[in-house]
Amino acid sequence: MKDEATQRMAGDRPEAVAPRRMAQLDRVEALRLLGTVSLGRIVFTHQALPAVRPVNHLMDGDDIIVQLHEGAALASIVAPTRATGVVVAYEADVIDPETHIGWSVVVTGYAHRVTDDGELARFAARLRPWVEHPGVKAALRIRPDLVTGSQLTA
(Lines give C-alpha, C1' and ligand atoms only; values in the text may rest on other atoms or scores of the structure.)
Protein backbone atom coordinates (compact mmCIF):
# COMPACT_ATOMS: atom_id res chain seq x y z
CA MET A 1 0.00 0.00 0.00
CA LYS A 2 1.43 3.38 -0.98
CA ASP A 3 1.55 6.24 1.50
CA GLU A 4 -0.43 9.29 0.33
CA ALA A 5 2.46 11.55 1.35
CA THR A 6 4.75 9.87 -1.19
CA GLN A 7 2.33 10.24 -4.12
CA ARG A 8 1.31 13.10 -6.35
CA MET A 9 -1.46 13.34 -8.87
CA ALA A 10 -0.81 12.92 -12.60
CA GLY A 11 -4.14 13.75 -14.16
CA ASP A 12 -6.64 11.64 -12.21
CA ARG A 13 -4.21 8.98 -11.04
CA PRO A 14 -1.58 9.10 -8.30
CA GLU A 15 2.04 9.14 -9.43
CA ALA A 16 4.66 7.88 -6.98
CA VAL A 17 7.37 10.22 -5.72
CA ALA A 18 10.67 8.57 -4.84
CA PRO A 19 11.29 8.21 -1.10
CA ARG A 20 13.15 11.10 0.49
CA ARG A 21 16.05 11.12 2.90
CA MET A 22 15.81 13.16 6.05
CA ALA A 23 18.92 14.72 7.54
CA GLN A 24 19.02 16.55 10.85
CA LEU A 25 20.20 20.15 10.72
CA ASP A 26 22.48 21.59 13.36
CA ARG A 27 21.41 24.67 15.32
CA VAL A 28 23.45 27.14 13.26
CA GLU A 29 22.12 25.89 9.91
CA ALA A 30 18.54 25.65 11.20
CA LEU A 31 18.57 29.27 12.39
CA ARG A 32 20.23 30.39 9.15
CA LEU A 33 17.44 28.76 7.13
CA LEU A 34 14.83 30.34 9.40
CA GLY A 35 16.29 33.71 8.45
CA THR A 36 15.72 33.04 4.74
CA VAL A 37 11.93 33.12 5.07
CA SER A 38 9.54 35.62 6.61
CA LEU A 39 6.46 33.53 7.33
CA GLY A 40 6.07 30.86 10.00
CA ARG A 41 3.66 29.52 12.59
CA ILE A 42 3.70 30.25 16.30
CA VAL A 43 2.31 27.69 18.74
CA PHE A 44 1.10 28.94 22.12
CA THR A 45 -1.51 28.29 24.79
CA HIS A 46 -4.78 30.17 24.44
CA GLN A 47 -7.54 29.65 27.02
CA ALA A 48 -5.74 26.51 28.26
CA LEU A 49 -5.66 24.95 24.78
CA PRO A 50 -2.94 24.79 22.10
CA ALA A 51 -3.29 27.42 19.38
CA VAL A 52 -1.37 28.02 16.15
CA ARG A 53 -1.21 31.28 14.18
CA PRO A 54 0.63 32.14 10.97
CA VAL A 55 2.82 35.22 11.50
CA ASN A 56 5.61 37.16 9.86
CA HIS A 57 8.99 37.12 11.52
CA LEU A 58 12.51 38.38 11.23
CA MET A 59 15.70 37.25 12.88
CA ASP A 60 17.57 39.48 15.32
CA GLY A 61 20.74 37.50 15.90
CA ASP A 62 19.43 34.10 17.01
CA ASP A 63 16.16 35.58 18.32
CA ILE A 64 12.90 35.47 16.38
CA ILE A 65 10.91 38.71 16.30
CA VAL A 66 7.16 38.58 15.65
CA GLN A 67 4.96 41.64 15.32
CA LEU A 68 1.89 41.85 17.58
CA HIS A 69 -1.31 43.77 17.09
CA GLU A 70 -3.85 44.77 19.71
CA GLY A 71 -6.80 42.48 20.20
CA ALA A 72 -5.08 39.38 18.80
CA ALA A 73 -5.02 36.16 20.80
CA LEU A 74 -1.24 36.16 20.46
CA ALA A 75 -0.93 39.55 22.23
CA SER A 76 -2.58 38.08 25.33
CA ILE A 77 0.10 35.43 25.91
CA VAL A 78 2.97 37.75 26.69
CA ALA A 79 4.24 37.58 30.24
CA PRO A 80 4.97 40.65 32.37
CA THR A 81 8.36 42.18 31.58
CA ARG A 82 10.10 40.85 34.68
CA ALA A 83 8.74 37.31 34.31
CA THR A 84 10.73 34.40 32.88
CA GLY A 85 8.63 34.50 29.73
CA VAL A 86 6.02 32.30 28.15
CA VAL A 87 7.01 29.06 26.43
CA VAL A 88 6.11 28.98 22.74
CA ALA A 89 7.13 27.01 19.69
CA TYR A 90 7.84 28.50 16.29
CA GLU A 91 7.94 26.57 13.00
CA ALA A 92 8.82 27.56 9.47
CA ASP A 93 9.53 25.48 6.41
CA VAL A 94 10.02 25.42 2.68
CA ILE A 95 8.93 22.11 1.18
CA ASP A 96 8.16 21.78 -2.51
CA PRO A 97 4.68 20.27 -2.90
CA GLU A 98 5.64 18.32 -6.02
CA THR A 99 9.14 17.03 -5.24
CA HIS A 100 8.76 16.89 -1.43
CA ILE A 101 12.27 18.36 -1.12
CA GLY A 102 12.98 21.13 1.37
CA TRP A 103 13.46 21.82 5.05
CA SER A 104 11.58 22.42 8.30
CA VAL A 105 12.77 24.14 11.48
CA VAL A 106 11.09 24.14 14.90
CA VAL A 107 12.23 26.42 17.72
CA THR A 108 11.01 26.19 21.30
CA GLY A 109 11.81 28.96 23.71
CA TYR A 110 10.62 31.78 25.93
CA ALA A 111 8.69 34.70 24.46
CA HIS A 112 8.94 38.23 25.85
CA ARG A 113 7.29 41.46 24.79
CA VAL A 114 9.76 43.94 23.27
CA THR A 115 9.50 47.19 25.23
CA ASP A 116 12.45 49.26 23.98
CA ASP A 117 11.16 52.01 21.65
CA GLY A 118 14.35 51.94 19.55
CA GLU A 119 14.08 48.21 18.98
CA LEU A 120 10.37 48.49 18.19
CA ALA A 121 11.05 51.15 15.55
CA ARG A 122 13.88 49.07 14.04
CA PHE A 123 11.69 45.96 13.86
CA ALA A 124 8.66 47.85 12.50
CA ALA A 125 10.83 49.15 9.65
CA ARG A 126 11.95 45.60 8.74
CA LEU A 127 8.81 43.53 9.36
CA ARG A 128 6.43 43.36 6.43
CA PRO A 129 3.10 42.05 7.75
CA TRP A 130 1.04 39.97 5.33
CA VAL A 131 -2.14 41.52 6.77
CA GLU A 132 -2.31 45.20 7.69
CA HIS A 133 -3.44 45.92 11.26
CA PRO A 134 -3.90 49.49 12.48
CA GLY A 135 -2.88 48.65 16.05
CA VAL A 136 0.62 47.28 15.36
CA LYS A 137 2.83 48.85 18.00
CA ALA A 138 4.31 45.85 19.74
CA ALA A 139 6.61 42.92 19.07
CA LEU A 140 7.44 39.59 20.61
CA ARG A 141 10.98 38.24 21.01
CA ILE A 142 11.41 34.48 21.07
CA ARG A 143 14.73 33.33 22.53
CA PRO A 144 15.48 29.87 21.15
CA ASP A 145 16.17 27.23 23.75
CA LEU A 146 15.60 24.08 21.71
CA VAL A 147 16.23 24.25 17.95
CA THR A 148 15.53 21.27 15.70
CA GLY A 149 15.54 21.09 11.95
CA SER A 150 15.42 18.58 9.20
CA GLN A 151 16.19 18.65 5.51
CA LEU A 152 14.45 16.44 2.97
CA THR A 153 16.60 15.44 0.00
CA ALA A 154 16.13 13.12 -2.99
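Helices and strands here are DSSP runs, numbered from the N terminus. The model is predicted.

**Figure 1. Confidence along the chain of the predicted model.** Mean pLDDT for the chain is 83. Of its residues, 77% reach 70 or more. Helix α1, residues 27-34, has the highest confidence, at 98. Strand β1, residues 7-10, has the lowest, at a mean of 48. The pLDDT stays below 50 over residues 1-10. This stretch still has 20 contacts in the model beyond near neighbours in sequence.

**Figure 2. The loop between β4 and β5, with A48.** A48 sits in this loop. Its phi is positive, about 70 degrees, although A48 is not a glycine. Most residues other than glycine have a negative phi. A48 counts as exposed because its relative accessible area is 70%, and the cut-off for exposed is over 50%.

**Figure 3. The loop between β7 and β8, with H100.** Here too the view centres on one loop residue, H100. Phi of H100 is positive, near 65 degrees, and H100 is a residue other than glycine. Is H100 buried or exposed? H100 is buried, because its relative accessibility of 17% falls under the 20% limit.

**Figure 4. The largest nonpolar core.** This core has 26 residues. L34, I42, I64, Y90, V107 and I142 have the most contacts inside it. Helix α1 gives two or more residues to the core. So do strands β4 (39-46), β5 (49-60), β6 (63-68), β7 (86-95), β8 (102-114) and β9. In soluble globular proteins, nonpolar side chains tend to be buried together.

**Figure 5. Surroundings of V107, a residue of the largest core.** Which residues does V107 contact, leaving aside its neighbours within four places in sequence? They are L31, L34, I64, V88, A89, Y90, P144, L146 and V147. Apart from the largest core lies another, of 7 residues. Among its members are L58, I65, V114 and F123.

**Figure 6. S150 in strand β9.** Strand β9 spans residues 138-153 and holds S150. S150 is buried because its relative accessible area, 15%, is under 20%. Residues up to four places away in sequence are not counted in its contacts. S150 touches M22, A23, Q24 and L25, among others. G102, W103 and S104 are also touched by S150.

Technical notes
Residues numbered from 1 in each chain as written. Predicted model: local features only at pLDDT ≥ 70, side-chain atom pairs only at ≥ 80, totals over all residues. Heavy atoms only, no water. pLDDT = per-residue confidence, 0-100. Helix = DSSP H or I, 4+ residues; strand = E, 2+ residues; numbered from the N terminus. Contact = heavy atoms within 4.5 Å. Buried < 20%, exposed > 50% of the residue type's maximum accessible area, 1.4 Å probe, protein only. Core = buried A, V, L, I, M, F, W, Y, C linked by side-chain atoms within 4.5 Å.
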